[in-house]
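Trainee: Got a minute? I've just opened this one and could use a walk through it.
Mentor: Sure, put it up and ask away.

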Amino acid sequence: MIDMDKQTVTNTGGLSAKSAAEMGMKPNLLDGFSLMEKTESVSTDANTNADPQTSANMRNWMECVRSRKTPNASIEAGYSHSIALCMNVAAIQTGLKATFDDKTQQVMAGGRVFA
């Protein structure tokens with residue numbers, strides 16, 4: 001679980017030993033960590049007056065542009081997040097099930113392209 005208010009990642013919601021055993025699987029619990037550890041070295045001189053999470057994300061991105069380091073999240077993670085958000089908007093606005101067509105790279109709502 002990612003808790004943006006506390007800036008932490010925990011194993012809450014992970015596959016516990018009990019649940020895994022019931023399904024004949026192995027538990028899958030991540031070690032928890034603080035997101036603040038990832039942003040402490042980031043410069044804070046660019047204030048966008050946005051919420052702290054957005055500001056930290058922007059600081060990380062700008063630091064990586066300047067230093068050519070790898071950002072905290074990959075471009076693939078950002079793209080996947082954008083797809084999920086677009087699907088959410090499509091479902092809310094149409095009231096229909098939203099899907100993503102990998103072949104055409106388009107969000108679909110009710111079997112039609114959502115524009």
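Trainee: How many bridges join E5 to E6?
Mentor: There are 2 bridges between E5 and E6, and the two strands run antiparallel. Keep in mind as we go that this is a predicted model.

Trainee: Okay. Which residue in E6 does Met108 stand opposite?
Mentor: Met108 faces Val113 there.

Trainee: And what order do the strands of that sheet come in?
Mentor: The order is E4-E5-E6, an open sheet of 3 strands with antiparallel pairing. E4 (98-101) and E6 (112-113) are the edge strands, each pairing on one side only.

Trainee: What holds strands of a sheet together, in general?
Mentor: They pair through backbone hydrogen bonds, and that can be parallel or antiparallel.

Trainee: Zooming out, how many helices and strands does the protein have?
Mentor: It comes to 4 helices and 6 strands. Going along the sequence, the pattern is β-β-α-β-α-α-α-β-β-β.

Trainee: New topic: confidence. Which elements have the lowest and the highest mean pLDDT?
Mentor: Helix H2 (residues 36-39) is the lowest, with a mean of 62, while strand E5 (residues 106-109) is the highest, at 96. For the protein, the mean pLDDT is 82, and 88% of the residues reach 70 or more.

Trainee: What should I do about low pLDDT?
Mentor: Where pLDDT is low, don't read the predicted coordinates in detail.

Trainee: Got it. How much space is in the largest pocket?
Mentor: About 870 Å³. It is lined by 22 residues, and the closest to its centre are Gln53, Asn57, Asn60, Asn72 and Ala73.

Trainee: Which helix gives the most to that lining?
Mentor: H3 does, with 6 residues. H2, H3 (52-67) and H4 (75-94) each supply at least two.

Trainee: How does the lining divide into nonpolar, polar and charged?
Mentor: You get 11 nonpolar, 10 polar and 1 charged.

Trainee: Last bit, cysteines. How many disulfides does a search of the whole structure find?
Mentor: The search comes back with 0 disulfides.

Trainee: And Cys64, buried or exposed?
Mentor: Cys64 is buried, at 7% relative accessible area. Cys86, on the other hand, is partly exposed, at 40%.

Trainee: What share of the protein counts as buried?
Mentor: Of its 115 residues, 17% do.

Technical notes. Residues numbered from 1 in each chain as written. Predicted model: local features only at pLDDT ≥ 70, side-chain atom pairs only at ≥ 80, totals over all residues. Heavy atoms only, no water. Disulfide = S-S within 2.5 Å. Buried < 20%, exposed > 50% of the residue type's maximum accessible area, 1.4 Å probe, protein only. pLDDT = per-residue confidence, 0-100. 1 Å grid on protein atoms, 1.4 Å probe; cavity = no way out; pocket = protein on both sides within 12 Å on 5 of 7 lines; lining within 4 Å. Points joined across faces, edges and corners; volume = space filled by probe spheres on them. Nonpolar A, V, L, I, M, F, W, Y, C, P; charged D, E, K, R; others polar. Pairing = 2+ DSSP bridges.
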